[in-house]
Amino acid sequence: KYLGGMMSTVFKQDKREFVELVLKSLGCAVTGAVVGQCITYLEHDISDSMMEGLTKSFLTRYMQDNAFYKLGHLDNTITDAQQRLTSDMRSLTDATAALIPQLLRPLVELCWFSYHISNMVGKKSVGFFGMYLLGGSVLIRMAMPEFRRITSEESALEAVFKASHARIKHHSESIAFYGGGARENGIVNERLKDLMKHAQLRLWQTWKFNLVNGAIIREAPFLVQWILRNEFGKTVNDADVVKDGGESLGKAHTFIFDATNQMFDCMGQLLNFAEHMENLYGLVGRVSELDDALDTINKRYPSLRKDEIAAGSELGLVDADIVTPTGVTLARNMTVTIDKSTMVTGRNGIGKTSFFRVIGGLWPLKKGKVVLPEGKKVFLVPQQVFMVLGSLADQITYPKKVDPEDGDETDKLTELLRKVQLKDRLAEYGWDEVKQWEHILSLGEQQRIGMARLLYHEPDYCVLDECTSAVSVNVEHRLYEEAMNLGIRCITISQRLALTEFHPQELNLSEEHEDNWKLMQHKEDDDQKL
């Protein structure tokens, strides 16, 4: 409207009216810019709020009842939960928050311009215009690729590609020692090749779609515009044109031209909205798969039920079968009581770690019961000790968090570091410095941190899975002596026969025994520390 008026004032040389129209047009532009930025701000704010709420909800379920472990080790339905919890969740909330702006604005503008053009050229011409929009929409919809499937597949390939990089970072030292950079480069390049192949497919499908979309939305509309302007010209009285020098006619033609351009732009936005919905469906599908997996994982692999827990004063198993998640039976009818420190022995792959997973409730029981003494704690120290992101104090107290300003706690932690011979690390880093400790401490030092963690929590039972394999025999003996002095009963996997002096009982797993297991008692010397 203002553009047509300004063109008229230029021809009439009316400076005052021209300035007024420029100011009004500027006011409209500023208002539009403010409104547009407000809409964008609200859109992002809604997306952030949805992201926070959804992520908290999913993370609560993901971390509940060891669901994260079950998805990663017991079930292969979801192999990229991290990708779905991060990138896919962000893309989903962004796409959802953009729904209303992308749909509401073009619909309102389409209706508003249609109403005004119908008053100018008649309902018949607007009906013709509507038929063109409808026919064009059908053709464009027929040409639209399966963006839902394409988006879902692209997210999955991207997750595999990211996982390859995460794997290299996690095993960087081993890869460097083996000189495996070229081999890993080949693996990552294969993942990249798959991702780029899919990206090229998406690009080709999008190009074909935009070819049809551009022809209908960008090129052919000029013909429709001339038809509408011609229809309007038939309604104009020659006397009116002569009377105002064609000013009204020029304004009307300019309005029709701009309005039809805007209407076709709205049509394009609505058709892009269909593409947006297809992409959104793909993201919803991936997040829904994770949602369904979290709903069913604890039903398929439940934690120990009340009927699977037997009463007793000592930790153990009663008539239990040790069965892997894939259905392989490793031991049958096992009845074991951990009333003294016990060493678990057997060849590699026989099921020593599986025994710990069953007794710790990580694997479901197919048969039998677990004896869990009420009020007694069981603690695990694995061979690869988990280093939490935090201070040196956090490494010892994990999963508990303590106040570094608490003098009694720091005194206790200092004494523990002295016992595991890591006091020099305290002098180097103090209690407050946050580091990636897995990159600072050697494997032997990490294992000593694991033993310090055990001594800090003072459980009734501890499961030690090759957790001292990287420390010297003398240090290992001192660590076991400290545990025995605290009355901790150790269940140990180790290839070092010297540790038998600390374990009067041995559980041997072998195919040579009946039901693949045998419990044996060692003779105790008078000078043994049990």
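**Entry 1: Gly316**

I looked up Gly316 and found it in strand S2, residues 315-323. I am working on a predicted model. Is Gly316 buried or exposed? Its relative accessibility is 1%, so I log Gly316 as buried. Next I listed its contacts, leaving aside neighbours within four places in sequence. Gly316 touches Val336, Thr337, Ile338, Ile359, Lys369, Val370 and Val371. I then took the pair Gly316 and Lys369. They are 53 residues apart in sequence. Their C-alpha atoms are 8.7 Å apart in space.

**Entry 2: Lys367 and Asp319**

I stayed with strand S2 and turned to Asp319. Which side chain meets Asp319 in a salt bridge? I found Lys367, at 3.0 Å from N to O. Lys367 sits in the loop between helix H14 (352-359) and strand S5 (369-371), while Asp319 is in strand S2, so the bridge ties together parts 48 residues apart in sequence. I checked exposure at both ends. Lys367 is partly exposed at 30% relative accessibility. Asp319 is also partly exposed, at 35%.

**Entry 3: Asp394 and Lys401**

I looked up another bridge, between Asp394 and Lys401. The closest N and O atoms are 2.9 Å apart. I compared the two ends. Asp394 has 9% relative accessibility and counts as buried. Lys401 has a relative accessible area of 62% and is exposed. The cut-offs are under 20% for buried and over 50% for exposed, so the two residues get opposite labels.

**Entry 4: Arg425 and Glu428**

I moved on to helix H17, residues 423-429. Here Glu428 forms a salt bridge with Arg425, with the closest N and O atoms 3.2 Å apart. How many residues separate them? I count 3 along the helix, which means about one helical turn between Glu428 and Arg425. Glu428 is partly exposed at 47% relative accessibility. Arg425 is buried, with a relative accessible area of 13%. I also noted a network of salt bridges with shared partners. It joins Asp80, Arg84, Asp88, Arg286 and Glu289. For the whole structure I record 24 salt bridges. As a general reminder to myself, side chains of opposite charge can pair when their charged atoms come close.

**Entry 5: surface patches**

I searched the surface for like charges. A patch of negative charge gathers Asp403, Glu405, Asp406, Asp408, Asp411 and Asp432. Where is Glu405 found? I placed it in the loop between helix H15 (392-397) and helix H16 (407-419). Glu405 counts as exposed, at 65% relative accessibility.

I then looked for nonpolar side chains on the surface. Phe18, Val19, Val22, Leu23, Leu26, Val30 and Val34 form a patch. Together they have about 580 Å² of accessible area. I checked Val34 as one of its members. Val34 lies in helix H2, residues 15-63. Its relative accessible area is 48%, so I mark Val34 as partly exposed.

**Entry 6: whole chain**

I closed with totals. The chain has 530 residues, and 41% of them count as buried. I logged 20 helices and 10 strands. About 29,400 Å² of the chain is exposed. Carbon and sulfur atoms supply 56% of that area. What share of contacts between residues at least 6 apart in sequence joins residues at least 24 apart? I noted 76%.

Note on methods
Residues are numbered from 1 along each chain as its sequence is written. This is a predicted model: local features need pLDDT of at least 70, side-chain atom pairs count only at pLDDT 80 or more; totals for chains, interfaces and linings use all residues. Side-chain values use heavy atoms; hydrogens and water are left out. Patches are made of residues with over 30% relative accessible area and no salt bridge: like charges are joined within 9 Å, nonpolar side chains (Val, Leu, Ile, Met, Phe, Trp, Tyr) within 5 Å. Accessible areas come from the Shrake-Rupley method with a 1.4 Å probe; for residues, only the protein chains shown count as cover. A salt bridge is a side-chain nitrogen of Lys or Arg within 4 Å of a carboxyl oxygen of Asp or Glu. Lys and Arg count as positive and Asp and Glu as negative; His and the chain ends are not counted. The place of a charge is taken as NZ of Lys, CZ of Arg, CG of Asp or CD of Glu. Helices (H or I, at least four residues) and strands (E, at least two) are DSSP runs, numbered from the N terminus. Buried means under 20% relative accessible area, exposed over 50%, partly exposed in between (1.4 Å probe, protein chains only). Contact means heavy atoms within 4.5 Å.
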